[in-house]
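Here are some exercises to work through with the model open beside you. Try each task before reading its solution.

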Amino acid sequence: MRSRGLMITAGAFILAGLIGLVVTLTLYDAIVEMSADYQGRRSGLRALVAPGLVLLSAAALIGGIVWLTAWSYRWERVETGSRVKQSVNAYAHVAPQDAAALLERFRTGDPRVYLPVPAARSGNVTFGIWLAPKDSVAYVTVVARSGNGWQPLPPVVLRENAYAAISQVTVDNYGARASQTIVNGFLDPFLRG
């Protein structure tokens with residue numbers, strides 16, 4: 001679903017870029033003439049003012065179009081309409097044939113089982129954690145490289161104590177064992193901080 005706020009912001013960038021581009025292209029000679037009067041330290045910039053304004057306007061227009069087409073989406077749960085945010089998207093140092101085993105570790109919901117996840121800077125397996133805080137639901141996705149493409153595995157849905165545990169793990173902690181606070185929140189919901 002597209003976010004109304006992001007679409008309005010992207011539209012403002014497109015409009016500002018379009019207006020700026022039309023104005024700078026129509027008044028290009030006047031801008032060059034005005035910048036010719038620069039003296040002193042600014043005199044070195046006089047040849048860059050008009051082209052710079054055209055490039056700045058074009059960048060705003062292109063940026064707004066990209067923002068509108070690529071970044072104005074937000075994920076929502078179909079059942080409730082609550083927003084789903086991605087908390088982690090990282091490579092795992094796991095062979096593609098072991099991607100299903102990694103997903104099964106997450107399926108348990110127990111941080112003592114799925115942590116540590118061997119993180120890597122690049123690789124053939126990625127994992128993502130998506131959180132819906134209003135509904136206390138987490139989605140875990142694992143994708144493995146298969147030939148030239150990527151093969152997604154069915155997502156795991158975590159609720160209740162499993163959600164409480166995975167929502168407390170920060171992106172930096174996936175490579176470490178589960179802390180006692182996270183384990184306590186998983187075992188006893190009254191111990192959550």
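Contact here means heavy atoms within 4.5 Å. The model is a predicted one, so local features need pLDDT of at least 70 and side-chain atom pairs count only at pLDDT 80 or more, while totals for chains, interfaces and linings use all residues. Residues are numbered from 1 along each chain as its sequence is written, and side-chain values use heavy atoms, with hydrogens and water left out.

**Exercise 1. The helix pair**

Task: find where Ser 57 sits and which residues it touches beyond four places in sequence.

Solution. Start with the address: Ser 57 belongs to helix α3, residues 49-70. Helices (H or I, at least four residues) and strands (E, at least two) are DSSP runs, numbered from the N terminus. Next, list the partners: Gly 17, Gly 20, Leu 21 and Thr 24. Those four names turn up again among the buried residues of α1, together with Ala 10. Buried means under 20% relative accessible area, exposed over 50%, and partly exposed in between (1.4 Å probe, protein chains only). Ser 57 has 10% relative accessibility, so it counts as buried too.

Now look back from the other side. Leu 21 is in α1, and at 17% relative accessible area it is buried. Its contacts, again skipping residues up to four places away, are Val 54, Ser 57, Ala 58 and Leu 61. A handy reminder for reading such lists: an α-helix has 3.6 residues a turn, so residues three or four places apart point the same way. To finish, ask what covers the buried residues of α1: the cover includes α2 (28-35) and α3.

**Exercise 2. A length check**

Task: work out whether the span of α1 agrees or disagrees with its residue count.

Solution. The expected span is 1.5 Å times one less than the number of residues. Helix α1 (residues 4-26) has 23 residues, so it should span 33 Å. Its end C-alpha atoms are 33 Å apart, which agrees.

**Exercise 3. The core**

Task: name the residues with the most contacts inside the largest nonpolar core, and the elements that build it.

Solution. First, the term: a nonpolar core is a set of buried Ala, Val, Leu, Ile, Met, Phe, Trp, Tyr and Cys residues joined through side-chain atoms within 4.5 Å. The largest one has 28 residues, and Phe 106, Phe 127, Ile 129, Ile 166 and Tyr 174 have the most contacts inside it. Two or more residues each come from β2 (83-92), α4 (99-107), β4 (125-132), β5 (137-146), β7 (156-159), α6 (160-168) and α7 (180-187). Apart from this core lies another, of five residues, among them Val 84, Trp 130, Val 137 and Tyr 139.

Then zoom in on Phe 127. Leaving aside neighbours within four places, its contacts include Phe 106, Val 117, Val 142 and Tyr 174.

**Exercise 4. The pocket and Arg 77**

Task: identify what lines the largest pocket, then follow Arg 77.

Solution. On a 1 Å grid over the protein atoms alone, a pocket is an open set of points where a 1.4 Å probe fits, with protein on both sides within 12 Å along at least five of seven lines; lining residues have an atom within 4 Å of a point. The lining is Trp 75, Glu 76, Arg 77, Val 84, Trp 130, Tyr 139, Thr 141 and Pro 155. Strands β1 (75-76) and β5 each give two or more of these. The volume is about 190 Å³.

Arg 77 sits in the loop between β1 and β2, and with 8% relative accessible area it is buried. Its contacts beyond four places are Ser 82, Val 84, Ala 132, Asp 135, Val 137, Tyr 139 and Arg 159. One of these, Ala 132, is 55 residues away along the chain, yet the two C-alpha atoms are separated by 7.8 Å.

**Exercise 5. Backbone oddities**

Task: locate a cis peptide bond and two non-glycine residues with positive phi.

Solution. The bond from Leu 115 to Pro 116 is cis, with omega near -5 degrees; Pro 116 lies in the loop between α5 (111-114) and β3 (119-120). Ser 136 has phi near 55 degrees and sits in the loop between β4 and β5, where it is partly exposed at 33% relative accessibility. Glu 160, with phi of about 50 degrees, is in helix α6 and is exposed at 63%.

Definitions and conventions: Grid points are joined across faces, edges and corners, and a volume is the space filled by probe spheres set on the points.
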